[in-house]
Amino acid sequence: MAANMYRVGDYVYFENSSSNPYLIRRIEELNKTANGNVEAKVVCLFRRRDISGNLNTLADSNAREFEEESKQPTPSEQQKHQLKHRELFLSRQFESLPATHIRGKCNVTLLNETDVLAGYLEKEDCFFYSLVFDPVQKTLLADQGEIRVGSKYQAEIPDKLAEGESDNRIQEKLETKVWDPNNQLKDPQIDQFLVVARAVGTFARALDCSSSIRQPSLHMSAAAASRDITLFHAMDTLQKNNYDLAKAMSTLVPQGGPVLCRDEMEEWSASEAMLFEEALEKYGKDFNDIRQDFLPWKSLASVVQFYYMWKTTDRYIQQKRLKAAEADSKLKQVYIPTYTKPNPNQIMVPGSKPGMNGAAGFQKGLSCESCHTAQSPQWYAWGPPNMQCRLCASCWIYWKKYGGLKTPTQLEGAARVGSESGPRGHMTRQEVQGMSPFTRNEGRAKLLAKNRQTFILQTTKLTRIARRVCEDILQPHRAARRPYASINANAVKAECIIRLPKATKTPLKTKLVPRQSLANIVKELAISAPLKLKASRGPPTPINRNQASQPRVGQSLLGKRGFESAAGVPYPANGRPYTSGMRTTSQSVIKRQKVSQGEAPNPVVFVATKDTRALRKHLTQSEMRRAARKPHLLVRIKLPPPPPRSLAMPLLPSSTSEPIVLED
């Protein structure tokens, strides 16, 4: 009866698949659903087979360090193999599972330096953990609840000074004196000074606007002024003024006004306190996760101080009473009967003769994959179906509880030549099939593929403004040409803050460009580029310059047109219209075939004339950019009036009107 009774806090086995090992979970809550079933809210614990190979390597290095520090006896190879099955990894992940899937209890303990690892192998259903696994970040970290036992955690106590020997240590560097009990003041005088300090604190809160909003009544301000932060400030003031009450009084109220001392309870807003309570409900006293996920703008010291001050409030007492009432209403324990249904992986037919090696399609003469026995009252199918591996009854129970086999097998990579050094006994069946020699390489590549997460660097609005305001300091064109050179972002940001208030407030002039409808655009595209069928590719087009005048039939069939044939107007390759001193040669748009060096045609070089270079000088920079962006548009050049010709120097006629053609 007690063995089948499960309570909150027990470590239990859960079965989610008939062929996979049990899941090990810790029961946190037992809840009864609307239909009468019982669900268990559990904490997940992971085995080595559930984490990646890189994390297994990290766990191996941690295990070696533990063996060296704790001076463990050297285990055998089989013991090392079985100890990996007893190691678990704690996590912060919760899940809800049906209580009817519980298959038994187990014992999980935090590994201590005084423990002997071989002792876990001698006990049944006994596991240990020393690292915490994060399923989201895929990381392994040391558990914060680790018991620090050993020589390196002990304090080093110096030797006792002999009689008459002076202490040469500098006391100011060792400690700071904050209170002298042997002062000249009496206890009633100190109490009176503390009352004055509380009164000054109450008056200071009345003058402070933010404090008057948070504590609108006099009683709340007086209660806030009576907190420990005010008393600590008053006693520190006495210590700094050598316990002179007159000087201490003047220090409490300087010329600028009374001194206001506030602790974390006053600094935090109501919304921040609600966030803290929500995070405390989710993470417990894990202040690192609370700060990282809920309060990143607070320091860790501030979160810890607020927690211990929050425990002194009525809010904490109320939540404690609510939790106690909820715990009383929840289930404390549940009875789960022993699971007696047959496993679908059984391969022996009931009623067959004992000692038979197989049934249900399995070959005779096969032995257990783990212990290699040929006699067993019951056999179970294990591993890839095409390899017909099986386990005996005892090895099957070991596989279900510990997630591995007693001895390394061929599937686990111990006896296979040329395999990886790491064991494969912690892989799933699909991964083992991917490593099987009967699997194709394409399937193995899909299994071994690793997805990568992408990230995007997004600039803020202030950064985009700084690029425009501080363009002379940033020099974007120079930075684009030299991407390897570093930019002093702090100087740009500081200059932007100075220039931003002085920047012009006039809105930028924008030119509205009317956009056509989608139907008109599709209609124009259909007219300009009609859909044509793709014809079969014929023999390669000759690329000899002498045959350039022949008509190209393949151009219209491929549906591609060069710029020189757009709208029936000849254009060169750079998109500008031809002048009188330039000529063109046709260029094939069909993919050219590779030719040998001996059959390569003679190259043609266009040399710009004096008139062409003169025309380029009359183009503005914006016109040059527009011609480069839109090479299909005509370029209009406004020529200046020609200078008056001198009569004394007659203009000599040009020797030729054709461009100079250099042929190799």
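**Close-up 1. F46 and its partner across the β4–β5 pairing.** In this predicted model, F46 has F89 in strand β5 as its bridge partner. That pair belongs to a bigger picture: β4 and β5 (residues 87-98) run antiparallel and are joined by seven bridges. Follow β4 along residues 38-46 and you'll find a strand that is mostly covered, with seven of its nine residues buried.

**Close-up 2. The β3–β4 hairpin.** Here we look at β4 and its pairing with strand β3 (residues 23-32). These two strands also run antiparallel, and eight bridges hold the pairing together. One spot to look for is R25, which sits opposite C44 in β4. Five residues lie between the two strands of this hairpin. Check the turn for G36, whose phi is positive, at about 95°.

**Close-up 3. Where helix α5 crosses helix α8.** Now for the helices: α5 covers residues 187-207 and α8 covers residues 228-240. Their axes are 9 Å apart and the packing angle is about 125°, which means α5 is oblique to α8. The crossing of α5 past α8 is right-handed.

**Close-up 4. Side by side at the α5–α8 contact.** Which residues of α5 meet α8? They are F193, L194, A197, R198 and R205. On the α8 side, the residues they meet are T230, L231, A234, M235 and L238. Sort the residues of this contact by type and you get seven nonpolar, one polar and two charged.

How values were computed:
Residues are numbered from 1 along each chain as its sequence is written. This is a predicted model: local features need pLDDT of at least 70, side-chain atom pairs count only at pLDDT 80 or more; totals for chains, interfaces and linings use all residues. Side-chain values use heavy atoms; hydrogens and water are left out. Axes are lines fitted to C-alpha atoms, for helices over the stretch in contact, and angles run from 0 to 180 degrees between N-to-C directions. Helices (H or I, at least four residues) and strands (E, at least two) are DSSP runs, numbered from the N terminus. Angles under 35 degrees count as roughly parallel, over 145 as roughly antiparallel, 65 to 115 as roughly perpendicular and the rest as oblique. A crossing is left-handed if the near helix is turned anticlockwise from the far one by less than a right angle, and right-handed if clockwise. Contact means heavy atoms within 4.5 Å. Ala, Val, Leu, Ile, Met, Phe, Trp, Tyr, Cys and Pro count as nonpolar, Asp, Glu, Lys and Arg as charged, and the others, Gly among them, as polar. Buried means under 20% relative accessible area, exposed over 50%, partly exposed in between (1.4 Å probe, protein chains only). Two strands pair if DSSP finds at least two bridges between them.
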